[in-house]
Amino acid sequence: APILLENVEEVLDPSIEPVLTKQVFKKGGQWLLRLGTEDVPYNDDFRFYITTKMSNPHYLPEICIKVTVINFTVTLSGLEDQLVSNVVANERPDLSELRANLVVQIAADKAEMDRLEQLILRLLSEAGADLLADDTLIVTLDQSKQTSS
C-alpha cells in the first residue's frame with residue numbers, strides 16, 4: 001500500500017531514514033522495519049512517496065542517493081543532466097558507483113566539519129581566560145585543520 005508524505009521541506013525527519021534505506025530484517029519468519037523503538041511489519045508492495053511545493057528544492061546528497069527525485073518542472077538543461085547520468089549509469093556503472101561513493105563521502109566530511117565547528121564553539125565558550133592552556137581545544141582545532149585539508 002502506498003503512503004504519501006506531502007509538503008516536505010529540504011530537511012527530512014531522521015526518523016524516516018529506515019524507510020528511505022529499506023532497513024528491513026527478518027524475525028520469526030516475518031519481514032520487519034524498525035521505526036523508532038517499534039518493529040512494524042514490512043510488505044514488498046509498500047511504496048513511499050514524498051512531495052514538496054518548493055519550486056527548486058536542494059536536498060542533501062545523502063538524501064538524493066537514497067531516493068528517486070522526480071522534478072516535474074524539468075528544464076532542458078536539467079533533462080540533459082538526468083540523461084547523462086542515466087547513460088553513465090548504464091555504460092559505466094563503475095563511474096556511477098564512484099560518483100555515489102564520492103557524494104556520500106563529501107556529505108560525511110561536511111557533517112564532520114559541522115560537528116567539529118560546534119565542538120570548537122562549545123569549547124571556546126567553556127574555555128577560561130587562557131585559551132592556549134586548554135589542551136582539548138588545541139587538539140580539536142588541530143583535528144579540524146587536518147580534516148579541512
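Here a colleague asks a modeller about a few features of this predicted model.

Colleague: Let's start with one residue. Why is I106 called exposed?

Modeller: The relative accessible area of I106 is 56%. Exposed means over 50%, so I106 earns the word with its 56%. You will find I106 in helix α4.

Colleague: What makes V84, V88, L95, L98, L102 and I106 a patch?

Modeller: They form a nonpolar patch on the surface, and together they have about 510 Å² of accessible area. To join such a patch, a residue needs over 30% relative accessible area, and nonpolar side chains are joined within 5 Å. I106, at 56%, is over that 30% cut-off, so this residue meets the area condition.

Colleague: Which elements give two or more residues to the nonpolar patch?

Modeller: Those are α3 (76-91) and α4 (93-126). Helix α4 gives the most, with four residues.

Colleague: Now the strands. How do you know that β3 and β4 pair?

Modeller: Two strands pair if there are at least two bridges between them. Strand β3 (residues 30-35) and β4 have four bridges, so they count as a pair, and the sense is antiparallel. As an example of bridge partners, L32 is matched with P41 in β4.

Colleague: And what makes β2 and β4 edge strands?

Modeller: Each of them pairs on one side only. The open sheet has three strands in the order β2-β3-β4, with antiparallel pairing. Strand β2 covers 24-27 and β4 covers 38-41. From one strand to the next, the twist averages 45°.

Technical notes
Residues are numbered from 1 along each chain as its sequence is written. This is a predicted model: local features need pLDDT of at least 70, side-chain atom pairs count only at pLDDT 80 or more; totals for chains, interfaces and linings use all residues. Side-chain values use heavy atoms; hydrogens and water are left out. Patches are made of residues with over 30% relative accessible area and no salt bridge: like charges are joined within 9 Å, nonpolar side chains (Val, Leu, Ile, Met, Phe, Trp, Tyr) within 5 Å. Accessible areas come from the Shrake-Rupley method with a 1.4 Å probe; for residues, only the protein chains shown count as cover. A salt bridge is a side-chain nitrogen of Lys or Arg within 4 Å of a carboxyl oxygen of Asp or Glu. Buried means under 20% relative accessible area, exposed over 50%, partly exposed in between (1.4 Å probe, protein chains only). Axes are lines fitted to C-alpha atoms, for helices over the stretch in contact, and angles run from 0 to 180 degrees between N-to-C directions.
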